[in-house]
Amino acid sequence: MTRRFDAVVVAAGAHTKRLLADAGVRVPLKPYRVQALVSGRAYDGPMWYDASAGVYARPHPAGLLAGDGTVPVEADPDEWARDADDWFRDDAGAVLRDRAGHDPAVERAWAGLCTATPDGDPLLGAVAPGVYVAAGWQGHGFMRAPATGEAVAALVLGDEPPVPGVEAFDPERFDGDEEFEISEGMTVETDGPD
Ligand SMILES: Cc1cc2nc3c(=O)[nH]c(=O)nc-3n(C[C@H](O)[C@H](O)[C@H](O)COP(=O)(O)OP(=O)(O)OC[C@H]3O[C@@H](n4cnc5c(N)ncnc54)[C@H](O)[C@@H]3O)c2cc1C
């Protein structure tokens, strides 16, 4: 069955590339696994991110939550390992003991999919007349979600002036077939000296 709509927003996370490909639209997106664990041992320290180790942690109702265990390899969005890897449990545990004096009692550990783009910025805008994409949030999708929702709504409604800055995320800055490496979603880049 075919149905017509005035506008379609494709915000299908890791499935976005395949879904759009079915409609003949190419976007440069790669799903990749990131991991997290919950420790049941009490933790009353601050929230932190160790950029050298690539590990973050924060207090959690059960004790402590830690991540990020990025696997910078394109994952199949229909077939990927949901359980955390042993190396992630071991590495994160070592960092937690070393940096925070926290010896984790792991209650749960899991993986989920994030989506990478060539420049680490999202794809937010029109990819065909009446077809919009909102994907490629690397490891920052929750944090950006409220502003994203407003920006997508404004785009669909054709609001003028457009949401300031949204043009930087225009998917048409790419051809769609770019080759690129997956960068960890927490990595912060600056224009300053190394
Ligand atoms: C372990 C882990 C920790 C994270 N921690 C943080 C954090 O602390 N802060 C932060 O900001 N971000 C974090 N992220 C990243 C965040 O989860 C993502 O950036 C965000 O979920 C992306 O949102 P999304 O809507 O693009 O995709 P998703 O959340 O993946 O949602 C896409 C939805 O589309 C649905 N869908 C797929 N195909 C179809 C289809 N054909 N039709 C209809 N629906 C479809 C899916 O079922 C899914 O519900 C973390 C991710 C992981 C895995």
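**Entry 1: the hairpin.** I began with strands β4 and β5 of this predicted model. A hairpin of two residues connects β4 to β5. I then looked up how β4 (residues 55-60) and β5 are joined, and I found six bridges between the two strands, which run antiparallel. Within this pairing, I noted that R58 stands opposite L65 in β5.

**Entry 2: the other partner of β5.** I next followed β5 (residues 63-71) to β2. These two strands also pair in the antiparallel sense, and I recorded six bridges for them. Here I noted L37, which stands opposite A66 in β5.

**Entry 3: the ligand.** I turned to the surroundings of the ligand and asked how many residues surround it. I found 18, and the closest are G13, H15, G112, G141 and F142. I then listed the elements that give two or more residues to this shell: β2 (30-39), β6 (106-116) and α3 (141-157). Which element gives the most? I found that it is α3, with three residues.

**Entry 4: the character of the shell.** I sorted the residues around the ligand by type. Eleven are nonpolar and seven are polar, while I found no charged residue in the shell.

**Entry 5: the domains.** Finally, I asked where the ligand lies with respect to domain 1 (8-29 + 117-173) and domain 2 (31-116). Both domains give residues to the shell around the ligand, and I therefore recorded that the ligand lies between them.

Terms used
Residues are numbered from 1 along each chain as its sequence is written. This is a predicted model: local features need pLDDT of at least 70, side-chain atom pairs count only at pLDDT 80 or more; totals for chains, interfaces and linings use all residues. A residue is near a molecule or strand if its C-beta atom, placed from the backbone, lies within 6 Å of it. Helices (H or I, at least four residues) and strands (E, at least two) are DSSP runs, numbered from the N terminus. Ala, Val, Leu, Ile, Met, Phe, Trp, Tyr, Cys and Pro count as nonpolar, Asp, Glu, Lys and Arg as charged, and the others, Gly among them, as polar. Domain bounds come from an automatic or database domain assignment. Two strands pair if DSSP finds at least two bridges between them.
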